[in-house]
Amino acid sequence: MDESSNSQGIEDILNTRTTNVGPPEQKAQPVNVPTSFKQRAMLVDEIWHAAGDNASDFDWYAKRTVLAGIYLTTKIYMLTDTSPDFHDTWAFLDARVKDAFDLKKTIQELHQTLLGIILRGGY
């Protein structure tokens, strides 16, 4: 699965999940925090699997942490969104997913550059 289809798949799944669940007023109660964290961890894992990701290395943790952050910030953004059909929320979500995949690409490029420098003996 290429990065653009993976990015779009993640965005589509988050959009559907956010639309179907609605704003997080109930889960914002302090008593619900432990349950909310557990449910979010399971949700982001399921989203990555649905998007075709089967990573089992360090990326597994990073991907799930980033996705949990995107999901949470999108839900928080939705709380104050007064645009029709949450248009601004979906634009916010789109930008966050693109940012995350751009960051991953940047990190991979930096890794390759550093690896090249080390292999050439220029460290």
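**Figure 1. A salt bridge within helix H4 links Asp 99 and Arg 96.** This is a predicted model. In the Asp 99–Arg 96 salt bridge, the closest N and O atoms are 2.9 Å apart. Asp 99 and Arg 96 both sit in helix H4, 3 residues apart, so about one helical turn separates them. An α-helix has 3.6 residues a turn, so residues three or four places apart point the same way. Are the two partners buried or exposed, or do they fall in between? Asp 99 is partly exposed, with a relative accessible area of 40%. Arg 96 is also partly exposed, at 26%.

**Figure 2. Salt bridges join four residues into one network.** The members are Asp 45, Asp 53, Lys 63 and Arg 64, linked through shared partners. A search of the whole structure finds 5 salt bridges. One of them joins the side chains of Asp 45 and Arg 64, at 2.8 Å from N to O. Asp 45 belongs to helix H2 and Arg 64 to helix H3, so this pair ties together parts 19 residues apart in sequence. Arg 64 also forms a salt bridge with Asp 53, where the closest N and O atoms are 3.6 Å apart. Asp 53 lies in the loop between H2 and H3, so its bridge to Arg 64 in helix H3 connects parts that are 11 residues apart in sequence.

**Figure 3. Arg 64 is a buried residue of helix H3.** Its relative accessible area is 6%. The cut-off for buried is under 20%, so Arg 64 qualifies. Which residues does Arg 64 touch, not counting those up to four places away in sequence? They are Val 44, Asp 45, Trp 48, His 49 and Asp 53. Asp 53 counts as buried at 7% relative accessibility. Asp 45 counts as partly exposed at 22%.

**Figure 4. Helix H2 has its buried residues on the same side.** The buried residues of H2 are Ser 36, Arg 40, Leu 43, Val 44, Ile 47 and Trp 48. They cover an arc of only 130° around the axis, which puts them on the same side of H2. On the other side, Pro 34, Lys 38 and Glu 46 are exposed. The helix has 18 residues, which should span 26 Å at 1.5 Å a residue. Its end C-alpha atoms are 25 Å apart, which agrees. Just after H2, Gly 52 takes a positive phi of about 95°.

**Figure 5. Leu 43 lies in helix H2, residues 33–50.** Leu 43 is buried, with a relative accessible area of 10%. How many residues apart in sequence are Leu 43 and Tyr 71? They are 28 residues apart in sequence, and their C-alpha atoms are 9.7 Å apart in space. Across the protein chain, take the contacts between residues at least 6 apart in sequence: 65% of them join residues at least 24 apart.

**Figure 6. A nonpolar patch lies on the surface.** Leu 72, Ile 76 and Leu 79 form the patch. Together they have about 250 Å² of accessible area. Ile 76 is part of helix H3, which covers residues 58–79. Ile 76 counts as partly exposed, at 47% relative accessibility. For the protein chain, the accessible surface comes to about 8,300 Å², and 61% of that belongs to carbon and sulfur atoms.

**Figure 7. Asp 85 sits in the loop between H3 and H4.** Asp 85 has a positive phi of about 55°, although it is not a glycine. Phe 86 is in the loop between H3 and H4. Phe 86 is not a glycine, yet has a positive phi of about 55°. Asp 85 is exposed, with a relative accessible area of 69%. Phe 86 is partly exposed, at 29%.

**Figure 8. Thr 89 lies in helix H4, residues 87–119.** Thr 89 is buried, with a relative accessible area of 0%. Leaving aside neighbours within four places in sequence, Thr 89 is in contact with Thr 74, Tyr 77, Met 78 and Asp 81. The buried residues of H4 are Thr 89, Trp 90, Phe 92, Leu 93, Val 97 and Phe 101. H4 has 33 residues and reaches 48 Å from its first C-alpha to its last. That is close to the 48 Å expected at 1.5 Å a residue.

Definitions and conventions: Residues numbered from 1 in each chain as written. Predicted model: local features only at pLDDT ≥ 70, side-chain atom pairs only at ≥ 80, totals over all residues. Heavy atoms only, no water. Contact = heavy atoms within 4.5 Å. Areas by Shrake-Rupley, 256 points an atom, 1.4 Å probe, with all protein chains shown as cover. Patch = residues over 30% accessible without salt bridge, like charges linked within 9 Å, V, L, I, M, F, W, Y side chains within 5 Å. Helix = DSSP H or I, 4+ residues; strand = E, 2+ residues; numbered from the N terminus. Buried < 20%, exposed > 50% of the residue type's maximum accessible area, 1.4 Å probe, protein only. Expected span 1.5 Å × (residues − 1). Arc of directions from axis to C-beta.
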